[in-house]
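Hi,

Here is the structure I said I would pass on to you. Have a look at it first, and then read my notes below.

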Amino acid sequence: MNAREDRLDLLLADADERRPVLDEGLPGDTAQRAPRPRKGRDANHWRRTDADRNDLTLQRWAVIAPEGREGDRMMEAVQPLVALREGEQGAPARVYRVPQGMDAKRSADFRREIYWSEEVAEEDRPLYLMMLGDLHHTSLELQHALANDALAGRIHFADSAGDTDLAGYAAYAEKVVRYARRGTPEASPDLLFYVTPDGSAATVTGKARLVGPSLATSTEASERGKLPAASVREISAGSVDDLLAGGGGARPSVLLSVSHGLGAPRRGWRREEDSWRRQGALVIGHDEILDAERLRGQTFLPGGMWFYLACLGAGTPAASAYHTWLSQLAQEARHGGSLKAVLHSLPASGQRPFVAALPQAALANPAGPLAIIGHVDLAWTYSFSSTTSLSEGKKSRIYRPLEVLVRGSRAGIALEALMELYRGANDELAQSYQLEADARAAGRADPTDRADRAHLWMLRNDLRGYVLLGDPAARLPLQQLALRAEAPAPAPVEVRSTQAEEPAADAASAASGPAREAAVLAMIRGDEAPRAIAARVMVSLETLWTWVDAYRAGGRERLGG
């Protein structure tokens, strides 16, 4: 491995100068002092491996929503999307309701006791899981835990004050339904590549090691008829306007962009709300930043897919996998003040994690993409520029998900291509620590190579940081994939449309006490979508939520009836 390959480059720019925070990089051997990752379950249980993973009738789709009224309203906002997936799979969608802020242990317990419950028939266990809420609603720890067993994606939309924006949820659901049912006249998508031309070490590496080789591979495959892309091209853009124009074509596209993500100012964000609004934005130059505010109302990747490779591009976690290691290096003062500037972009104690505003704006945009793969921690060039004992090549780690998307598979399957590599690196890292422990117990010399371990630690954490934002069952709206006949609407939707003319008071009084309690318990457990429960007992959703509030406050006696 030469010196260039052994360097750790970071895709993060500060909000003051809009220049790379760590342009000098870090020596590769600094990772040898990284802490051992927390032990977690690594192997996944793939079900129905002989079945088409794109077929929802075989793989099933479900929703995970936070408990309480806020989760109820999120569920109501995305009900058209739930109805779409129920029609595709020919069965009701399972709804899991979870408490907010689940830590790693509670997430593991949920995976083991609820998701893998023996009471659920194997053919009914959902492979696709759409999580609703910000990273403090349905936790990132839960998303990581479930990614071992399922194809998990997340949607969340917030207003400028950080409060849940139900209009964003509804707009996204409407967009996915519209594209799924109407499709487009296109049989093949465009495959687009973009690297910011800022001349920094990280983006130069991205151009040389990832985008250039991927462009050459995909062009050759397309010309030979091995990749069903209508065109393969690189976007040349030195401004936000140029980038929006390059990604604004009507044909569905898959875009890989490599850039610095906007981090904190050198002295940190003055207000937490500022980080929610700006952190993770795409930095092109000092005065050229694609953030949520700039993207709103613009046509960009309509009906497409976006692999957004940048630090904190998908969001900021409650705790970075790199915090302990970088704090130790900063204390040693061997790398100037750059590391302290990096640490300013990581969450401080007590600050809540959050989904970045840029992908929120892109997904809520009716003329925007259907799903985004991005990084929810610091993003290094390691996942495509390092060597490894794994058989996977360098650029192909990132290229594989693009190929999956171009072929029309669902977004969750594209992320799984990365998660398979993560699990491989995680297994090798765990094996290294186990070999060391076995040697110590037997009084033998440590047989492990610390440089190899450092490499695996970096690769494992870099790959683990990728998450999917959007419905994991979303796919490009190509002509041959459109739902030619609209999926039959579930009975609850049809009943509600006639029920609206009935007086709410009369309908509410018609439900007996036991019926009310059963409806409330179904809401709390998440057995059905709120709209379905309301239709079954013939009341409005507002009445149903009133019952839930009354039950939570005083039990069945408060329900009346």
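To get started, in which helix is L326 found? The answer is helix α11, which covers residues 323-332. Keep in mind as you look around that this is a predicted model.

Let's stay with L326 for a moment. Is L326 buried or exposed? Its relative accessibility is 1%, and since buried means under 20% relative accessible area, L326 counts as buried. If we leave out residues up to four places away in sequence, L326 touches L26, L339, V342, L343 and L378. Take V342 from that list: V342 and L326 are 16 residues apart in sequence, and their C-alpha atoms are 8.5 Å apart in space.

L326 also belongs to a bigger story, the largest nonpolar core, which has 129 residues. L326 is among the residues with the most contacts inside that core, along with W61, L132, W306, W325, L378 and W380. Helix α16 (residues 411-442) gives this core its largest share, eleven residues. There is also a second, separate core of 13 residues, and Y96, W116, M131 and A150 are among them. Back in the largest core, try clicking on W306: not counting residues up to four places away in sequence, W306 touches L255, S257, L282, L290, F300, L301, L358, A362, A371, I372 and I373.

Now zoom out. The protein chain has 22 helices and 18 strands. Of its 561 residues, 59% are buried. If you take contacts between residues at least 6 apart in sequence, 78% of them join residues at least 24 apart.

Next, find strand β7, residues 151-155. Why call β7 largely enclosed by the rest of the structure? Because five of its five residues are buried. L151, G153 and I155 point one way from the strand, while A152 and R154 point the other way. Strand β6 (residues 128-132) runs parallel to β7, and five bridges join the two. One pair to look for is Y128 and its bridge partner in β7, L151. Together with helix α5 (residues 140-146), β6 and β7 make a right-handed β-α-β unit.

While you are at α5, pick out H144, which sits in that helix. H144 has a relative accessible area of 16%, so it is buried. Leaving aside neighbours within four places in sequence, H144 is in contact with R464 and V467.

V467 takes us on to strand β18, where G374 stands opposite V467. β18 covers residues 466-470, and five of its five residues are buried. Strand β17 (residues 371-375) pairs with β18 in the antiparallel sense, over five bridges.

For another sheet, look for the open one with four strands in the order β2-β11-β12-β13, where the pairing is mixed. Which strands stand at its edges? They are β2 (12-13) and β13 (288-290); each has a single partner strand, so one side of each is left without a neighbour in the sheet. The partner of β13 is β12 (residues 282-285), and these two pair in the antiparallel sense over three bridges. Within that pair, G285 stands opposite E288 in β13.

Last come two pairs of helices. Two packed helices are described by the angle between their axes and the distance between the axes.

The first pair is α2 (residues 69-77) and α3 (residues 79-89), which pack at an angle of about 60° with axes 5 Å apart. That makes α2 oblique to α3. M75, E76 and A77 of α2 and Q79, P80 and V82 of α3 make the contact. Helix α3 is mostly covered, with nine of its eleven residues buried, including L81, L84 and R85. Just after α3 you will see G90, which takes a positive phi of about 70°.

The other pair is α6 (residues 166-182) and α13 (residues 357-364), whose axes come within 8 Å and cross at roughly 50°. These two are therefore oblique to each other. On the α6 side, G168, A171, Y172 and K175 meet A362, L363 and A364 in α13. You have already come across A362, since W306 touches it.

Have fun exploring!

Methods:
Residues are numbered from 1 along each chain as its sequence is written. This is a predicted model: local features need pLDDT of at least 70, side-chain atom pairs count only at pLDDT 80 or more; totals for chains, interfaces and linings use all residues. Side-chain values use heavy atoms; hydrogens and water are left out. Buried means under 20% relative accessible area, exposed over 50%, partly exposed in between (1.4 Å probe, protein chains only). Two strands pair if DSSP finds at least two bridges between them. A crossover is right-handed if, with the strands pointing away from the viewer, the path from the first strand over the helix to the second runs clockwise. A nonpolar core is a set of buried Ala, Val, Leu, Ile, Met, Phe, Trp, Tyr and Cys residues joined through side-chain atoms within 4.5 Å. Contact means heavy atoms within 4.5 Å. Axes are lines fitted to C-alpha atoms, for helices over the stretch in contact, and angles run from 0 to 180 degrees between N-to-C directions. Angles under 35 degrees count as roughly parallel, over 145 as roughly antiparallel, 65 to 115 as roughly perpendicular and the rest as oblique.
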